[in-house]
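User: Hi! Could you walk me through this model with a few questions and answers?

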Amino acid sequence: MKSWFIMMGGLVLWAVHFFLLYLLAEFGGSGPGIRLAASLFTLVILGGVAWMFVAVRHKTSGDPFARWRRRAAMLALAFGGLGIVFQYLPILLVDR
Amino acid sequence: MRSETGFDPALYERFPTRHERPKEEEEDLRRIWCKPKGWEYLLAVNNNYIGIYYLGTAFLFFLMAGVLALLMRAQLAAPMLEILPQGTYNQVFTMHGTVMMFLFAVPAVEAAGVLLLPQMLAARDLPFPRLSAYAFWAYAVGGLCFFASIFVGLAPDGGWFMYPPLTSKAYSPGINTDFWLLGIGFIEISAIAGAIEIIVGVLRTRAPGMRLDRMPIFAWAMLVFAVMIVIAFPSIILGTLLLEIERAFGWPFFDATRGGDPLLWQHLFWFFGHPEVYIIFLPAAGMMSMIVATVAGERLVGYRLIVLAMIATGFISFGVWAHHMFTTGMPPMTTGFFSAASMAVSVPAGIQVFSWIATLAIGKPKFNAPGLFVMGSIVIFVTGGLTGVMIAMVPFDWQAHDSYFIVAHLHYVLIGGMVFPLFAAFYYWIPMVSKRALSERLAKWVFGLMFLGMNVAFLPMHLAGLQGMPRRVYTYLPGQGFELPNLISTVGAFMLGLGVLLFLVDLARNFRLAPGEGNAGNVYGGGTLEWLPSELYSTRSIPVVTSREPLWDDPALAHEVEKGRYFLPRSATGRRETIVTSPLLAEPQYLQIMPGPSPWPFAAAIFTAGFFLALTVQAYMFAWVSGVLAVISVLRWLWETDRPVEIEGVDIGADIRVPTYVTGPASHGWWAMVILLVVMGMIFLMALFSLAFLSSNQPGFWRPPPPLGEAISILGLYAVAIGLALTARACLRRSPFWSVFALLLSAAVSSAALGMDYVSWSSSELGPTASGQGAVVYALLALQACAAAIAILMALYCAARAVRGLVPQPRNNSIDLTMLFLVYTAAQGVTGALVSRLVGAGG
Amino acid sequence: MKGGAAISVLMLLGACAPVPVETAPADPAAVARGRDAAARLGCGACHAMPGITWPKGRVGPPLAGFGARPLIAGKLPNRAPLLAAFVTDAPAMAPGTGMPAIPMKRAEADDIAAWLLSLDD
Amino acid sequence: MTERTLPSEGWPPAVLDPAGPYSEPVTLLAWVLLAGGTVILAIVLGALWIALRGSPRLKTRLGGEKAIWILGFAFPSVVLTGLLVWGLMLTSSLSAARVPEGAMRVKVIGEIWWWRVHYQDGQGRETLRDANELHIPIGQPVLLELEAADVIHSFWVPRLGGKMDMIPGRTNRLLIEADAPGIYKGQCAEYCGGPHALMGFVVVAHTPADFARWQASRLPSQGAGGEGLALFLSSGCAACHTIRGTPARGLAGPDLTHVGSRRTLGAGILPNNPGTMAGWVADSQAIKPANRMPAYHQFSGEELQALTAYLVSLK
């Protein structure tokens with residue numbers, strides 16, 4: 001399980017972020033309180049991305065599979081990070 | 001991570017072995033994996049047969065749905081034609097979409113997985129061959145009967161998306177809609193069965209040494225595909241179930257006049273429906289990645305990028321479902337989330353396209369048949385992808401949605417993303433199963449006609465859409481400028497049809513199916529394991545994998561494998577078997593003994609199809625008899641499995657010994673059960689979402705649920721049930737009878753808890769037909785009742801095995817799996833009891 | 001069949017009208033304008049008309065072969081001026097018909113008549 | 001009244017020929033997307049061409065992970081971010097979540113297979129009922145409250161704005177506005193069974209003065225009455241149709257108080273004149289199969305005449 005989480009961590013974070021934002025909007029609306037909560041949550045998630053980036057980057061291991069897994073994790077963080085930023089834009093730019 | 005299981009990688013050094021293997025070993029393998037004769041073809045479970053049957057049937061549906069498309073194009077060639085009357089046209093377009101999506105696209109890629117994966121992973125077969133056979137027959141028999149409904153005018157006519165209230169009893173009183181809802185039923189079952197098979201197959205039956213980073217890209221694609229099915233299909237399973245219950249019993253899930261909501265259906269449908277597009281696309285993209293490398297004669301550039309792109313697609317595609325609903329009046333901010341995710345999901349697609357181009361750039365691409373289709377696919381798919389970005393923009397989608405622009409877009413994506421890759425795959429892999437390759441000369445014509453026809457047919461539809469032509473129209477009025485684009489589209493469609501016809505001619509002339517009798521061989525020079533010489537038992541021995549393209553890196557490999565110098569050069573137990581390896585590094589763990597041909601999967605499939613079809617035509621007695629017979633058939637097929645094996649550990653080559661029977665989390669059965677429980681959990685989760693959705697969208701109809709306090713005793717009982725189930729596993733060491741007794745007791749306690757839950761709700765005077773809330777609450781109880789009934793059945797099955805002395809100690813898979821199911825059942829019960837009392841409790 | 005129909009038409013005409021039938025060829029431009037006008041006015045709401053795919057109404061008689069018919073509404077000789085008057089104001093010409101007076105320009109009525117008379121098979 | 005009946009030939013395509021402030025920005029977006037999409041397609045085709053036939057130097061450049069990163073990740077990320085920002089801001093400004101001052105309000109209800117139109121005053125009180133035709137003044141935003149009586153429909157006038165679904169149990173809102181007087185074609189865009197293809201309507205945009213005149217003309221029926229009205233009442237028409245000012249009060253079908261003045265019959269599909277009216281009344285099933293109005297075979301020629309004349313007189 002650990003290997004899978006390292007490999008897909010960025011995307012798991014994206015999924016958590018996306019579904020929480022969606023559920024907040026679906027069941028909470030788009031008032032200022034919801035926006036604030038979504039913004040704080042986005043910060044936390046982005047913090048998670050940064051933490052994973054640092055944690056995974058500094059792993060040193062000569063084992064080829066572990067190396068491959070680490071580079072895969074970087075990619076997942078790139079896709080996930082971009083997605084998370086995209087996901088936050090509607091909160092900033094759409095007023096209802 | 002040097003070793004995952006404690007296996008010493010140094011042992012791989014023993015291969016290839018030096019000694020000549022005895023001749024009898026090969027004869028034994030031939031005898032054990034023998035060819036069926038006569039009617040035994042119906043009972044075959046080997047992937048070499050089931051894969052071909054499966055793919056052939058899927059292609060048949062492609063042809064039939066294609067004919068429907070040509071009928072539609074004929075009708076739309078000019079305004080106000082009367083080739084198809086209104087009602088017939090509505091059935092034809094519904095069937096075209098439904099058949100292409102459910103009976104062609106998903107089964108076709110699943111079939112490709114069944115056919116190719118064991119060969120590619122150098123396994124003898126997929127881990128649950130009888131399940132494959134069952135999945136195929138249920139699909140084939142059910143699908144053909146479903147398709148036949150169009151010949152008698154009973155085909156569904158509500159569109160493949162079946163939006164209520166148009167599909168409710170009030171506006172679709174006939175059984176046409178039931179044909180769709182129940183017809184999709186066995187396709188769902190067969191897709192899920194196939195997905196379980198593929199996940200366990202890819203993760204657990206790879207050749208030793210085939211670490212995740214050495215796995216053929218197609219196997220990665222199929223893994224993501226199968227996981228996506230497990231997550232996405234439960235939503236449509238629940239949706240069809242609810243709509244059928246609404247139609248049959250009047251529970252108002254989607255009826256806005258009684259506290260339901262038509263939009264709930266759209267959420268449930270598209271939560272499946274959009275990932276579905278990627279479910280179809282990813283395996284095809286996996287094939288593309290395999291074929292591109294061979295066509296270029298070079299290793300795939302950006303293997304890791306593609307793997308992660310596919311995983312990212314798998315994730316993000318679950319965040320785009322509501323982009324089919326931008327015009328439903330969703331709040332603008334919510335549409336923004338789905339717009340953003342729709343943009344994000346196009347990035348991984350771009351990565352894959354440029355990886356293919358990069359691979360072609362470093363190699364010397366050949367313009368052979370697979371090559372042409374690969375290049376054509378890139379052009380068409382990119383065009384479709386770009387229009388996809390356009391309609392991901394909410395304001396543009398307000399105009400384009402439900403117009404012919406979308407028809408153009410989706411056909412570009414699906415034909416470029418799935419049909420062309422599939423044709424490339426036909427040309428590329430047919431030499432693996434046929435004695436003769438297809439004709440390269442004819443292929444140029446097939447490709448030319450299909451590529452040109454496709455563009456001529458669908459490019460003008462963009463224009464028709466921008467002119468204001470809506471989708472799903474059986475005709476259009478003259479004088480709006482639609483005439484010319486539609487006429488051109490019709491001409492193009494028939495060109496495309498001609499190309500496919502030419503392909504059929506080629507098939508008829510050159511396709512000579514012969515599993516196990518030699519084949520045309522590695523015509524295009526592929527580097528992966530499916531091109532090893534193989535027979536019905538797959539390869540003579542199972543190689544140690546040290547790279548992604550073993551055949552390119554070790555030219556002697558094929559010869560050594562053929563000589564039996566690798567793993568498992570014989571049948572160690574005298575039965576069908578394959579090596580089960582660890583999920584990450586593929587270290588050999590144990591030898592799985594596989595079931596052989598049997599009439600029971602076939603019978604189970606026939607009765608399953610019979611059950612659904614009889615329900616549709618309202619022959620309820622026949623339906624129940626069929627249903628019971630289906631369950632009996634399944635139990636009978638399982639009865640022969642999970643037998644105690646005398647040989648504790650066997651030599652699988654070079655004195656490496658592994659056990660032949662493993663229980664607990666390492667066993668393939670445990671994995672399959674966990675995946676099945678994920679499916680059930682997703683169904684239940686979607687039902688809980690439905691409850692929350694209705695409570696927030698139809699608050700006026702909400703009644704306060706029974707107090708949470710009433711749930712306490714229910715929770716207590718479920719906790720007891722969990723405890724009993726866990727005890728059952730622990731006390732098997734002492735006595736099978738005590739163990740089985742604990743299982744039965746656990747099932748009984750769970751049922752009692754469910755009974756209490758039911759009484760608590762029914763005394764609150766909220767009936768299932770009263771409101772949307774009542775309907776969903778009772779649907780939750782019904783789902784729980786299903787789980788409880790299966791749990792009881794499983795416990796009784798274990799009891800029967802114990803009585804016949806078929807439960808070996810100290811551990812037994814049948815007991816383990818029943819325990820897992822019982823724990824899940826109780827956990828689901830707890831969740832349902834709590835959530836149904838919490839949702840809307842404050843209001 | 002066609003020959004037989006033509007002969008019987010000739011016989012009928014011979015029986016009731018000693019004057020030779022007008023056979024002046026219609027102006028093709030007028031015929032085309034007439035077809036367009038008929039389509040624009042929606043004559044198809046009641047009549048199935050050759051060359052017009054929709055609507056194909058069933059209230060009035062189909063108009064295929066109208067030019068070869070001896071009588072309009074079973075009453076009036078089928079000649080251009082009468083026909084033009086009839087399509088404009090049917091009730092005035094044939095009381096009891098269900099076909100209402102339809103507002104149109106004089107030129108349109110002439111064109112429609114020319115078109116109808118050109119439908120001879 | 002100056003009327004412009006466009007587009008008659010579909011050229012320029014309706015979506016690219018905007019006629020109001022709620023469609024114009026989308027047209028600009030559409031052009032940018034179409035042009036940008038074409039450029040990117042050209043880039044991909046160029047890259048594919050280089051990969052297949054290019055010089056070795058170019059092929060080497062294209063054949064590495066760096067090229068994939070630039071062309072497949074960096075470039076799309078930048079473009080998509082820009083598009084997303086634009087799209088979101090446009091969504092925000094065009095959406096009916098915020099209603100401009102002085103918007104006219106109309107409730108439109110989708111029925112199988114026609115449109116009920118209820119005009120409202122500023123307070124949302126109903127002022128007038130009509131069907132299958134929407135009259136609006138130019139230069140004034142119109143807030144449409146969209147509902148459905150039976151199944152899901154979708155309101156779409158491509159030249160005036162995007163589409164919006166009409167869903168049972170919900171009231172969706174859509175803003176449209178016309179810059180110039182004219183007739184704008186509309187169409188149901190959500191598949192609603194049967195003759196969904198023939199569920200059209202028209203929006204008629206007037207100058208403010210003309211609109212005021214039109215409003216003033218919407219009085220209860222002053223029609224001729226007589227035999228036509230008697231037939232209307234005795235033949236069952238009144239069970240489904242209302243004609244204000246007469247005893248006809250049916251609600252199942254379109255309000256016919258001003259049917260004679262409509263541009264079309266059968267929900268946007270036929271021209272409206274005595275001939276088509278007679279054909280529709282006697283046998284609408286031949287024209288729009290499966291619509292909810294039965295064919296009336298019982299009328300004699302004279303009766304059909306009288307009924308048609310009466311209906312046509314309802315201006």
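Here is a short exchange about chains A, B and C.

Analyst: Happy to help! This is a predicted model, in which local features need pLDDT of at least 70, side-chain atom pairs count only at pLDDT 80 or more, and totals for chains, interfaces and linings use all residues. Residues are numbered from 1 along each chain as written, chains are lettered from A and ligands numbered from 1 in the order written, and side-chain values use heavy atoms, without hydrogens and water.

User: What pattern does chain A follow along the sequence?

Analyst: Helices (H or I, at least four residues) and strands (E, at least two) are DSSP runs, numbered from the N terminus. Chain A has three helices and zero strands. Its pattern is α-α-α.

User: And which pattern does chain C follow?

Analyst: Chain C contains five helices and two strands. Read along the sequence, they give α-α-β-β-α-α-α.

User: What percentage of the residues in chain A are buried?

Analyst: Buried means under 20% relative accessible area, exposed over 50%, and partly exposed in between (1.4 Å probe, protein chains only). For chain C, with 121 residues, the buried share is 38%. For chain A, with 96 residues, it is 54%.

User: Is B:Arg441 buried or exposed, and why?

Analyst: B:Arg441 sits in helix α14 of chain B, which covers residues 440–467. Because its relative accessibility is 59%, B:Arg441 counts as exposed.
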